[in-house]
Amino acid sequence: MTVGDHSGTSSSPSAAKTLQVVPRLTIEPMREDDIPLVQAIEREVFLTPWPKNAYHRELAQNRQASYIVLRHDGQIVGYGGLWKVLDEAHVTTIGVRASDQHKGHGRALLTALIQRAYTLGARWVTLEVRNSNDHAIRLYEAFGFKCIGRRRGYYTDNGEDAIIMWSDSIHAPAFKRNFRRLLSGFDIPGLGAEPNDEYPR
Ligand SMILES: CC(C)(COP(=O)(O)OP(=O)(O)OC[C@H]1O[C@@H](n2cnc3c(N)ncnc32)[C@H](O)[C@@H]1OP(=O)(O)O)[C@@H](O)C(=O)NCCC(=O)NCCS
């Protein structure tokens with residue numbers, strides 16, 4: 001948390017009362033209004049952005065979908081989403097503005113998505129990633145995801161293979177321990193509380 005723009009503040013008690021504390025980073029559900037900025041980031045960081053109407057459809061019609069944005073001082077710097085299908089949470093996308101990568105934002109977004117997976121009652125989290133995307137693969141490995149397979153030539157733009165990654169059960173004690181450790185590194189409104197110790201049947 002940090003103090004936002006308060007130019008012109010004085011040290012008087014009445015000024016202190018009106019001082020607004022603005023969190024620098026916040027996680028929020030993605031809204032229709034966010035789509036143009038999300039798409040701008042997507043065009044910048046993905047080789048093949050989703051079709052024009054994809055986010056509108058996802059937000060309006062896909063009841064399995066959850067999408068979030070990460071804001072820095074109100075500005076969207078990253079976004080991510082998942083589909084909850086039966087016991088699985090499938091991470092559909094995650095992206096951070098090029099100029100804001102390597103600052104921990106990808107970790108924050110993945111943390112928020114896994115929190116969402118807990119809230120939705122998922123047991124596992126899965127995703128696909130380009131074979132060459134070392135940066136993303138390292139990010140997922142830090143959360144305990146493992147490469148369990150490969151879809152040959154999955155990406156039609158360059159024929160690259162997709163690596164299929166899965167978490168262990170997100171309710172397993174070792175996964176939760178690591179997740180709590182990662183979560184404790186953030187103080188971001190909207191990120192959510194620690195998962196409890198329950199092991200759902
Ligand atoms: C993949 C992606 C989302 C990761 O986001 P990111 O914000 O750069 O990732 P993070 O900063 O959270 O963490 C990753 C790295 O930054 C480092 N890092 C984390 N916090 C940091 C900090 N405060 N200062 C410096 N480095 C930091 C981590 O150690 C990690 O380093 P590593 O790459 O050597 O493992 C981002 O690179 C991206 O949008 N890529 C393009 C789209 C994409 O490929 N998406 C994934 C599709 S599957």
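# Exercises on a predicted protein–ligand model

S8 and S9 form a hairpin in which four residues lie between the strands, and Gly 159 in the turn has a positive phi of about 70°. The structure is a predicted model, and the exercises below start from this hairpin.

## Exercise 1. The strands around S9

Task: determine how S9 pairs with S8 and with S7, and in which sense.

Solution.
1. Strand S8 covers residues 146-155 and strand S9 residues 160-166; the two pair in the antiparallel sense over six bridges.
2. Two residue pairs can be placed in this ladder. Cys 147 stands opposite Met 165 in S9, and Lys 146 has Trp 166 of S9 as its bridge partner.
3. S9 is also joined to strand S7 (residues 124-130) by five bridges, and these two run antiparallel. Here Arg 130 is bridged to Ala 162 in S9.
4. Burial can be checked for S8. Among its ten residues the count of buried ones is zero, and the strand is hardly covered.

## Exercise 2. Confidence

Task: state what the pLDDT values are for the chain, and where they fall below 50.

Solution.
1. The protein chain has a mean pLDDT of 89, with 87% of its residues at 70 or more.
2. Over residues 1-13 the pLDDT is below 50, and this stretch has 13 contacts in the model beyond near neighbours in sequence.
3. Predicted coordinates should not be read in detail where pLDDT is low.

## Exercise 3. Overall fold and core

Task: describe the make-up of the protein chain and find which helix gives the most residues to the largest nonpolar core.

Solution.
1. The protein chain contains six helices and nine strands. It has 201 residues, of which 28% count as buried.
2. Take the contacts with a separation of 6 or more: residues 24 or more positions apart account for 57% of them.
3. The largest nonpolar core has 39 residues; Ile 68, Leu 70, Tyr 79, Leu 109, Leu 113, Ile 114 and Ala 117 touch the most other members. Helix H4 (residues 105-119) gives the most to this core, namely eight residues.
4. Ile 114 can be followed outward. Leaving aside residues up to four places away in sequence, Ile 114 touches Val 125, Phe 143, Ile 170 and Phe 179.

## Exercise 4. Two residues compared with the burial cut-offs

Task: decide whether Val 38 is buried or exposed, and classify Leu 182 by its C-beta neighbours.

Solution.
1. Val 38 belongs to helix H2 (residues 35-45). Val 38 has 23 C-beta neighbours inside 10 Å; the cut-off for burial is 20 or more, so Val 38 counts as buried.
2. The contacts of Val 38, not counting residues up to four places away in sequence, are with Met 30, Tyr 55, Val 69, Ile 76 and Tyr 79.
3. Val 38 and Arg 97 are 59 residues apart in sequence, while their C-alpha atoms are 9.2 Å apart.
4. Leu 182 belongs to helix H6 (residues 173-183). Leu 182 counts as partly exposed because it has 16 C-beta neighbours inside 10 Å.
5. With residues up to four places away in sequence left out, Leu 182 touches Arg 107, Thr 111 and Phe 143. The C-alpha atoms of Leu 182 and Ala 108 are separated by 8.8 Å, with their positions 74 residues apart along the chain.

## Exercise 5. Positive phi outside glycine

Task: locate Asp 73 and Leu 86 and give the phi of each.

Solution.
1. Most residues other than glycine have a negative phi.
2. Asp 73 is not a glycine, yet its phi is positive, about 50°. Asp 73 sits in the loop between strand S4 (65-72) and strand S5 (75-85). With 13 other C-beta atoms within 10 Å, Asp 73 is partly exposed.
3. Leu 86 also has a positive phi, near 50°. Leu 86 lies in the loop between S5 and S6, and its 10 C-beta neighbours inside 10 Å make it count as exposed.

## Exercise 6. The ligand shell

Task: break down the residues around the ligand by distance, element and class.

Solution.
1. There are 18 residues around the ligand, and Gln 101, Gly 104, Gly 106, Arg 107 and Arg 138 come nearest.
2. Strand S6 (88-96), H4 and helix H5 (134-142) are the elements that give two or more residues to this shell. H5 supplies the largest share, four residues.
3. By class, the shell divides into seven nonpolar, eight polar and three charged residues.

Notes:
Residues are numbered from 1 along each chain as its sequence is written. This is a predicted model: local features need pLDDT of at least 70, side-chain atom pairs count only at pLDDT 80 or more; totals for chains, interfaces and linings use all residues. pLDDT is the predictor's confidence in each residue, from 0 to 100. Two residues are in contact if their C-beta atoms, placed from the backbone, lie within 7 Å. A residue is buried if 20 or more other C-beta atoms lie within 10 Å of its own, exposed if 12 or fewer, and partly exposed in between; C-beta atoms are placed from the backbone. A nonpolar core is a set of buried Ala, Val, Leu, Ile, Met, Phe, Trp, Tyr and Cys residues joined through C-beta atoms within 7 Å. A residue is near a molecule or strand if its C-beta atom, placed from the backbone, lies within 6 Å of it. Ala, Val, Leu, Ile, Met, Phe, Trp, Tyr, Cys and Pro count as nonpolar, Asp, Glu, Lys and Arg as charged, and the others, Gly among them, as polar. Two strands pair if DSSP finds at least two bridges between them.
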